[in-house]
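Let's practise asking how a label is earned. Each turn below sets a value beside its cut-off and draws a conclusion.

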There are 4 protein chains.
Amino acid sequence: MDYVNAPGRNHLFVPGPVNIPESVLRAMSRNNEDYRSPAIPAMTKTLLEDVKKIFKSTSGTPFLIPTTGTGAWESALTNTLSPGDRTISFLIGQFSLLWIDQQQRLGFNVDVVESEWGRGADLEVLASKLAEDTAHTIKAVCMVHNETATGVTNNLAAVRKLLDHYNHPALFLVDGVSSICALDFRMDEWGIDVALTGSQKALSLPTGMGIVCASPKALEASKTAKSVRVFFDWKDYLKFYKMGTYWPYTPSIQLLYGLRAALDLLFEEGLDNVIARHSRLAKATRLAVEAWGLKNCTQKEEWLSDTVTAVVVPPYIDSAEIVRRGWQRYNLSLGLGLNKVAGKVFRIGHLGNLNELQLLGCLAGVEMILKDVGYPVKLGSGVAAACAFFQNTIPMIESRI
Amino acid sequence: MDYVNAPGRNHLFVPGPVNIPESVLRAMSRNNEDYRSPAIPAMTKTLLEDVKKIFKSTSGTPFLIPTTGTGAWESALTNTLSPGDRTISFLIGQFSLLWIDQQQRLGFNVDVVESEWGRGADLEVLASKLAEDTAHTIKAVCMVHNETATGVTNNLAAVRKLLDHYNHPALFLVDGVSSICALDFRMDEWGIDVALTGSQKALSLPTGMGIVCASPKALEASKTAKSVRVFFDWKDYLKFYKMGTYWPYTPSIQLLYGLRAALDLLFEEGLDNVIARHSRLAKATRLAVEAWGLKNCTQKEEWLSDTVTAVVVPPYIDSAEIVRRGWQRYNLSLGLGLNKVAGKVFRIGHLGNLNELQLLGCLAGVEMILKDVGYPVKLGSGVAAACAFFQNTIPMIESRI
Amino acid sequence: MDYVNAPGRNHLFVPGPVNIPESVLRAMSRNNEDYRSPAIPAMTKTLLEDVKKIFKSTSGTPFLIPTTGTGAWESALTNTLSPGDRTISFLIGQFSLLWIDQQQRLGFNVDVVESEWGRGADLEVLASKLAEDTAHTIKAVCMVHNETATGVTNNLAAVRKLLDHYNHPALFLVDGVSSICALDFRMDEWGIDVALTGSQKALSLPTGMGIVCASPKALEASKTAKSVRVFFDWKDYLKFYKMGTYWPYTPSIQLLYGLRAALDLLFEEGLDNVIARHSRLAKATRLAVEAWGLKNCTQKEEWLSDTVTAVVVPPYIDSAEIVRRGWQRYNLSLGLGLNKVAGKVFRIGHLGNLNELQLLGCLAGVEMILKDVGYPVKLGSGVAAACAFFQNTIPMIESRI
Amino acid sequence: MDYVNAPGRNHLFVPGPVNIPESVLRAMSRNNEDYRSPAIPAMTKTLLEDVKKIFKSTSGTPFLIPTTGTGAWESALTNTLSPGDRTISFLIGQFSLLWIDQQQRLGFNVDVVESEWGRGADLEVLASKLAEDTAHTIKAVCMVHNETATGVTNNLAAVRKLLDHYNHPALFLVDGVSSICALDFRMDEWGIDVALTGSQKALSLPTGMGIVCASPKALEASKTAKSVRVFFDWKDYLKFYKMGTYWPYTPSIQLLYGLRAALDLLFEEGLDNVIARHSRLAKATRLAVEAWGLKNCTQKEEWLSDTVTAVVVPPYIDSAEIVRRGWQRYNLSLGLGLNKVAGKVFRIGHLGNLNELQLLGCLAGVEMILKDVGYPVKLGSGVAAACAFFQNTIPMIESRI
């Protein structure tokens with residue numbers, strides 16, 4: 001029943017779903033429970049309180065929705081907007097593309113700001129659009145915080161600054177799927193109206209829970225938003241929150257306990273330490289890429305992603321072959337290049353419950369693959385660069401000293 | 001981290017989520033995997049083939065959607081209907097009510113056929129509506145196969161007969177949430193156009209997978225249906241089916257392996273044997289209820305449900321107190337009475353991976369609770385009636401003789 | 001890979017190995033660890049401190065030995081006695097027989113005090129032997145606290161009283177395999193010198209850990225005991241205790257975490273509540289047996305066991321057929337009659353992590369089996385008797401009210 | 001309850017206990033079962049048949065004993081020898097020392113052949129002792145196949161050759177604890193009379209099962225061996241084998257299912273491929289050590305171990321500090337130097353369910369640690385050497401191409 005076993009651990013370096021810690025797997029290995037007993041609401045109450053911390057929000061209202069990131073997107077949009085509403089959305093890679101596609105199919109009037117793949121959202125265009133929009137036709141600015149396809153992180157604080165500068169009332173909707181719990185994310189400080197993530201990303205859970213946090217302004221908007229919605233309607237959640245039973249329909253008991261365990265791990269490590277760890281893993285990855293003589297798909301330092309690195313391969317190499325080889329020879333799972341960058345980049349996901357030696361194993365694997373496919377890499381070069389950085393920066397494990 | 005432990009096993013007799021077999025728990029206790037590797041599509045292919053068997057369909061197209069039953073409803077409706085479309089829907093209990101509410105909120109013109117709670121769908125009214133509708137304004141007949149709130153099973157074959165009799169082209173959409181894998185269900189034979197269930201019901205998995213099966217006619221309808229949908233859009237699935245990668249967005253790896261294990265168990269036991277076991281458990285429950293001198297909420301034998309029994313309590317007893325007592329004293333989880341029957345009925349779920357001795361423990365528990373709350377039950381009476389039936393009917397476990 | 005699956009839970013009512021709580025299974029589902037890291041000794045230290053509580057000992061020294069109950073016996077004997085030493089041992093059933101056999105094979109001079117199977121140890125004979133033994137040739141009194149084969153509990157306090165009365169210095173070695181964590185057990189108060197149990201009994205863990213606790217007097221004796229021993233030698237443990245590394249050879253990491261979880265559960269429920277629960281389950285079982293018109297193998301009330309009930313069947317029935325039938329038809333595992341009582345008794349184990357409704361399911365199952373094999377039981381009679389008792393005595397689950 | 005968590009996976013490179021594959025963890029996550037039901041004997045039968053394959057024996061009789069390697073030693077010795085019997089045993093490291101200690105404490109007349117730690121057994125001395133022993137006073141030659149403390153593998157075939165050359169009837173008892181399932185091992189071909197291993201070594205299970213295989217000659221010897229034994233007595237096993245119930249005392253149900261899963265994995269990969277993988281991992285490790293400019297504790301190529309590498313550190317470094325640092329900073333578990341080589345060597349275990357990228361992560365970690373403790377290693381050098389070797393030698397994963 002296990003499809004295509006291979007000796008030893010699978011080295012999972014796609015940018016999601018990511019490695020699940022053993023303690024989380026344990027927490028989830030349990031029978032179903034009656035979600036209408038007093039136990040599940042009691043647990044849910046603490047989860048909702050605690051989950052706000054990963055958004056750095058105190059005023060937000062979180063929703064734990066049995067869905068994926070795609071569903072979380074839909075929840076964010078349909079609860080706050082009405083058909084025909086104008087949104088500004090930034091097309092910088094496959095996931096922003098998919099969100100734009102969703103916005104269009106849901107009937108919004110999407111004002112697409114396109115950038116070359118590898119570049120971040122064009123904030124100058126945003127600025128000029130906001131400046132022009134004195135009639136406030138723009139109802140929402142939609143931004144993918146971290147474009148997983150190209151390893152590009154957008155500057156959310158700068159967006160907020162622009163909105164404030166132009167005193168623009170547009171909602172600020174943010175896809176934090178590959179950023180929340182890994183990158184610096186400050187929902188309240190940055191005036192984000194809806195932020196969302198998926199359980200299988202930096203939270204290091206199985207897929208199946210879309211986590212959405214709505215600001216008071218977003219909740220207010222939901223009262224008048226005319227988009228048709230039922231499964232994703234916040235109203236039903238809010239009704240059950242009020243009743244104290246919390247669930248309009250059956251949640252996954254296992255994911256609730258898993259979320260509890262995942263949050264416990266995050267808080268035990270400390271969210272700031274978690275973010276620092278992601279930054280460290282990413283920096284090392286980039287040093288390795290540099291040592292290999294390869295280019296990062298991300299075109300400017302300010303956009304570098306700390307959760308995923310998209311590596312550009314020379315034109316004579318098919319990046320899909322690199323991914324295939326990882327799987328077939330090294331039990332290493334790398335991310336494919338998608339759409340416009342298919343064949344041109346492969347991706348190393350370095351997010352979630354991961355440590356330095358795991359990453360170094362991956363980097364060593366990539367070196368061998370590069371050699372396999374005919375790229376003249378100096379074996380050990382990337383690992384050496386990463387080690388030199390790590391050896392200076394890895395902190396002691398506090399509980400062990 | 002375990003909320004309100006108690007010694008021994010929890011006796012889970014709500015009509016979902018239900019008990020998960022240990023082998024399924026085992027199959028799901030695993031790290032995430034890259035769902036874009038060749039392994040997951042290979043597995044998905046066999047799952048899609050095998051999952052059709054639980055619908056008794058060969059011509060249907062199944063979708064494994066990361067959602068709940070509520071989402072599965074939405075998938076069935078939005079892919080086949082357009083806003084303003086007339087549906088016929090039968091209000092016979094809380095879950096049919098919720099589906100009707102969804103239909104209305106999704107913008108359909110719902111023609112509600114109401115019956116007293118405890119009765120099945122009124123097929124005479126359906127017949128007259130079909131007879132009148134020579135213009136074919138009815139686009140879909142929506143029916144909950146088994147109303148979990150009242151323990152009422154509707155006659156799907158009779159609906160098909162009527163549709164055929166009147167040569168009516170309406171789609172036939174069926175909620176099989178608390179029936180599929182437990183009650184006799186024949187998608188192809190009964191001309192069902194969309195059938196759906198949820199993983200946490202008779203399949204005995206955790207919540208999180210909505211399983212929807214669409215007939216060729218339903219697929220055809222989806223090409224022109226104008227309901228706004230993205231997350232639930234079959235089109236995206238079909239596109240990825242064609243490409244052989246199967247997943248438009250990230251599935252739960254764990255639920256896929258869990259589904260594999262659950263189907264293996266079902267097929268090992270034999271679907272017909274599974275259905276016979278449910279029938280046996282239900283019959284025994286009803287004999288116990290009778291022995292206690294209590295009434296079944298279901299008003300006619302033809303509607304008796306083989307997955308859940310709603311027991312009517314005397315007017316001087318609050319059925320919620322029975323459920324509370326089960327939880328607080330006997331580690332027994334029973335189903336509450338919902339909405340119109342709140343306080344008046346409690347429910348015994350007897351579906352999923354369950355055997356006779358488990359049920360007998362539950363029945364004994366109910367007897368003690370009844371006594372606790374002041375109902376003059378003769379202790380042992382229900383168990384005796386159930387045992388008398390079981391002792392004559394339980395088959396030998398084939399693999400053990 | 002699962003041998004002979006059957007629908008629903010297996011009803012495990014052999015007197016060991018017993019049901020493992022889900023939280024303990026979870027705690028054990030983990031990778032190996034380096035047992036020489038600081039983590040395992042830190043954990044072991046707390047385990048050794050806490051495990052003394054299940055013996056009700058503060059002065060004892062516990063050993064967690066990777067072995068079974070048979071190995072724990074050997075540990076108790078070889079560390080405290082020398083070849084040729086005279087022991088007094090009571091032959092009252094299969095397990096006392098096996099221990100005597102071990103004592104003989106280990107070279108001790110075993111003074112066997114035999115009783116009819118179904119009766120407890122003959123303390124009058126013990127008294128006279130102690131009285132006669134002014135030369136103190138008796139080096140140890142060996143007693144099985146609870147004879148699992150016949151459901152007989154011996155009176156340990158009375159033995160201590162006799163030893164004190166005769167001022168006899170013999171060591172008092174006690175097999176608490178099917179008693180500790182279930183029956184009242186007071187190592188210090190009753191002056192027990194070595195007490196032992198196995199992980200798979202009332203502790204509700206997998207097999208694999210023999211837990212032995214030695215009094216200061218026993219430790220003293222171990223310094224001069226001449227029995228050949230290496231694997232079971234306490235000396236090696238004591239050496240590693242002193243060093244703070246605790247383990248002379250590799251422990252099972254999983255069982256250590258499992259023991260931690262099992263102790264946590266026991267302490268959360270409260271040891272006295274655990275013992276009261278066992279007493280309640282046992283009493284109900286006996287009431288059922290009586291209602292069936294069958295005899296308890298235990299001949300006097302003072303010896304009744306609260307962890308296992310051996311039920312005598314009529315001469316025209318083979319008790320092995322009852323056990324076989326339970327397995328083949330009801331997914332119910334009962335204990336066979338052993339040796340002298342083979343074919344004559346079957347056994348219901350009611351120890352470990354178990355609650356009342358689980359037991360009632362078992363009792364209902366036994367009734368159907370009895371009918372199957374031709375015994376004219378009134379179905380429901382035993383369950384009714386048990387329920388009548390339970391309904392008056394089961395306490396509320398404290399954390400849930 | 002998890003002692004000293006740290007982010008990401010623990011990198012477990014002690015030479016046992018080793019990493020457990022997820023599929024084996026899954027197989028073991030299960031409730032207890034009645035080991036007297038027909039299921040467990042049926043399973044045991046196939047296990048006993050299959051386990052012989054890991055010894056490469058068809059004529060041997062295996063015993064699955066609930067104990068550790070130390071207990072397996074005791075089982076091998078006490079069943080075949082009598083007190084006072086002369087054994088030849090080779091003192092070449094800590095584990096051979098411990099076995100010799102056991103032999104002495106069990107009362108044998110141990111003829112110790114000592115070598116410098118880092119060297120293999122002195123077969124010339126053995127030859128001369130065999131030559132001299134025309135009276136056949138030597139009853140057994142005891143050899144640790146792979147000395148885990150120094151990374152030295154002895155030549156078992158050569159021992160057999162000597163025994164044959166001198167036509168010496170001594171039993172040949174072999175500790176295969178850190179060799180079986182990892183190194184070339186041929187019980188029948190090499191005329192080994194008792195071979196043994198522990199579950200937590202190359203079998204990649206939890207600790208708790210000592211696996212012993214006895215040749216017909218060893219079984220014959222057991223009939224007259226006078227060593228006192230009960231728990232370890234083969235006789236009891238053989239009696240239960242004959243009865244078809246297999247277990248003289250309670251086995252760990254979980255380890256039985258775990259063993260089934262572990263053997264399935266081994267056979268799926270192919271034992272020869274498993275051995276080749278170990279050889280590959282070991283060779284790469286040695287290349288790294290060389291690249292670091294450090295010495296292997298093993299003094300001659302013929303003795304190099306393919307399961308563990310003991311690395312000699314410069315005199316100005318305390319190897320214990322290396323191990324501590326791995327644990328405290330890199331979540332890397334390395335093996336300490338033991339006894340004579342304490343402080344002088346650290347050990348890298350590369351056995352069990354392990355692959356190349358896992359090892360490369362470890363090697364990178366060791367490089368950083370070496371730098372941490374002041375050794376002037378060139379970062380990346382060892383990894384580069386290992387990669388160069390791996391990239392030429394790692395086979396494709398057959399099931400994935």
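Q: What makes R229(C) and D233(C) a salt bridge?
A: In this predicted model, the side chains of R229(C) and D233(C) come to 3.3 Å, N to O. The cut-off is a Lys or Arg side-chain nitrogen within 4 Å of an Asp or Glu carboxyl oxygen, so the pair earns the name. As background, side chains of opposite charge can pair when their charged atoms come close.

Q: Why is R229(C) called buried?
A: Its relative accessible area is 10%. Buried means under 20%, so R229(C) fits.

Q: Why is D233(C) called buried?
A: D233(C) has a relative accessible area of 4%, and that value also falls under 20%, so the label holds.

Q: How do you know that R260(C) and D264(C) form a salt bridge?
A: The N to O distance between their side chains is 3.0 Å. That is within 4 Å, so the rule is met.

Q: Where do R260(C) and D264(C) sit relative to one another?
A: They are four residues apart in helix α9 (residues 253–269) of chain C, so about one helical turn separates them.

Q: Is R260(C) buried or exposed, and what about D264(C)?
A: R260(C) has a relative accessible area of 6%, under 20%, so R260(C) is buried. D264(C) stands at 34%, between 20% and 50%, so D264(C) is partly exposed.

Q: What makes K56(C) and D272(C) a salt bridge?
A: Their closest N and O atoms are 3.6 Å apart, which is within 4 Å, so the pair counts. This pair links distant parts of the chain: K56(C) is in the loop between α2 (39–51) and β2 (61–65) of chain C, while D272(C) is in helix α10 (residues 271–291), 216 residues away.

Q: Why is D272(C) called exposed?
A: D272(C) has 53% relative accessibility, and exposed means over 50%, so the word applies. K56(C), at 34%, counts as partly exposed.

Q: Why is K201(A) called buried?
A: Its relative accessible area is 8%, under the 20% limit, so K201(A) is buried. K201(A) lies in the loop between β9 (194–198) and β10 (210–214) of chain A, and an unreviewed UniProt entry places the feature "modified residue: N6-(pyridoxal phosphate)lysine" there.

Q: How many salt bridges does the rule find across the interface of chain B and chain D?
A: Zero. Four residue pairs are in polar contact across that interface, though, and the two chains bury about 540 Å² between them.

Methods: Residues numbered from 1 in each chain as written. Chains lettered and ligands numbered in written order. Predicted model: local features only at pLDDT ≥ 70, side-chain atom pairs only at ≥ 80, totals over all residues. Heavy atoms only, no water. Buried area = accessible area lost by both parts, 1.4 Å probe. Polar contact = N/O pair within 3.5 Å; in protein donor to acceptor, adjacent residues only side chain to side chain. UniProt positions renumbered as here; feature names shortened; annotations may be inferred. Helix = DSSP H or I, 4+ residues; strand = E, 2+ residues; numbered from the N terminus. Buried < 20%, exposed > 50% of the residue type's maximum accessible area, 1.4 Å probe, protein only.
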